[in-house]
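Subject: A structure for you to look at

Hi,

Here is the structure I promised to pass on to you. Please open it beside this email and follow along as you read.

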Amino acid sequence: YKAAWMRFLGVLIGSIAGAILIDQLGSSPLSLGISVFFTIVLCALLNIKDSFRIAAMSTAVIIVMGGTHPINPWTFSFYRFIDSCIGIL
């Protein structure tokens with residue numbers, strides 16, 4: 001249960017960070033690096049270091065795919081979050 005909770009927190013943080021950062025920075029290789037770095041720092045500050053890998057991966061997927069997807073990045077981020085939660089369950 002602890003591992004599932006850590007994955008859930010990581011996906012939640014990664015989805016929110018990805019949506020915010022793609023709105024602010026757009027989708028480019030530079031914004032991808034900045035976004036992943038910011039997400040890892042945020043997980044470290046929140047003291048959930050077990051979740052930084054899944055959070056960084058969720059952010060990266062949203063930055064890479066959300067920039068080319070025809071729907072709103074916030075909607076894409078929400079769908080990514082729901083998809084990951086179903087996988088965790």
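A residue is called buried when its relative accessible area is under 20%, exposed when that value is over 50%, and partly exposed in between. Please also keep in mind that this is a predicted model.

Let's start with helix α2, which runs over residues 29–45. Its 17 residues should span 24 Å at 1.5 Å a residue, and the C-alpha atoms at its ends are indeed 24 Å apart, so the two values agree. Which residues of α2 are buried? They are S31, S35, T39 and C43. Because they cover an arc of only 100° around the axis, these residues lie on the same side of α2. Turn to the other side of the helix and you will find P29, L30, F37 and L45, which are exposed. What do the buried residues of α2 pack against? Their partners are α1 (2–25) and α3 (52–66). Just after α2 comes N47, with a positive phi of about 60°.

Next, have a look at α1. With 24 residues at 1.5 Å each, α1 should span 34 Å; the distance between its end C-alpha atoms is 33 Å, which agrees. Its buried residues include M6, L9, G10, V11 and I13, and further along G14, S15, A17 and G18. The buried residues of α1 pack against α2, α3 and α4. Just after this helix, G26 has a positive phi of about 80°.

Now for a residue in helix α3, namely V61. Its relative accessibility is 27%, so V61 counts as partly exposed. Leaving out residues up to four places away in sequence, V61 touches G66, F76 and R80. You can also find P29 again from here: the C-alpha atoms of V61 and P29 are 12 Å apart, although 32 residues separate the two along the chain.

Last, please go to helix α4, residues 73–88, where you will find Y79. Is Y79 buried or exposed? Its relative accessibility is 52%, so it counts as exposed. Y79 also belongs to a nonpolar patch on the surface, together with I71, F78, I82 and I86. Together these residues have about 490 Å² of accessible area.

Have fun exploring, and write back with any questions!

Best wishes

Note on methods:
Residues are numbered from 1 along each chain as its sequence is written. This is a predicted model: local features need pLDDT of at least 70, side-chain atom pairs count only at pLDDT 80 or more; totals for chains, interfaces and linings use all residues. Side-chain values use heavy atoms; hydrogens and water are left out. Patches are made of residues with over 30% relative accessible area and no salt bridge: like charges are joined within 9 Å, nonpolar side chains (Val, Leu, Ile, Met, Phe, Trp, Tyr) within 5 Å. Accessible areas come from the Shrake-Rupley method with a 1.4 Å probe; for residues, only the protein chains shown count as cover. A salt bridge is a side-chain nitrogen of Lys or Arg within 4 Å of a carboxyl oxygen of Asp or Glu. Helices (H or I, at least four residues) and strands (E, at least two) are DSSP runs, numbered from the N terminus. Buried means under 20% relative accessible area, exposed over 50%, partly exposed in between (1.4 Å probe, protein chains only). The expected span of a helix is 1.5 Å times one less than its number of residues. The arc is that of the directions from the helix axis to the C-beta atoms. Contact means heavy atoms within 4.5 Å.
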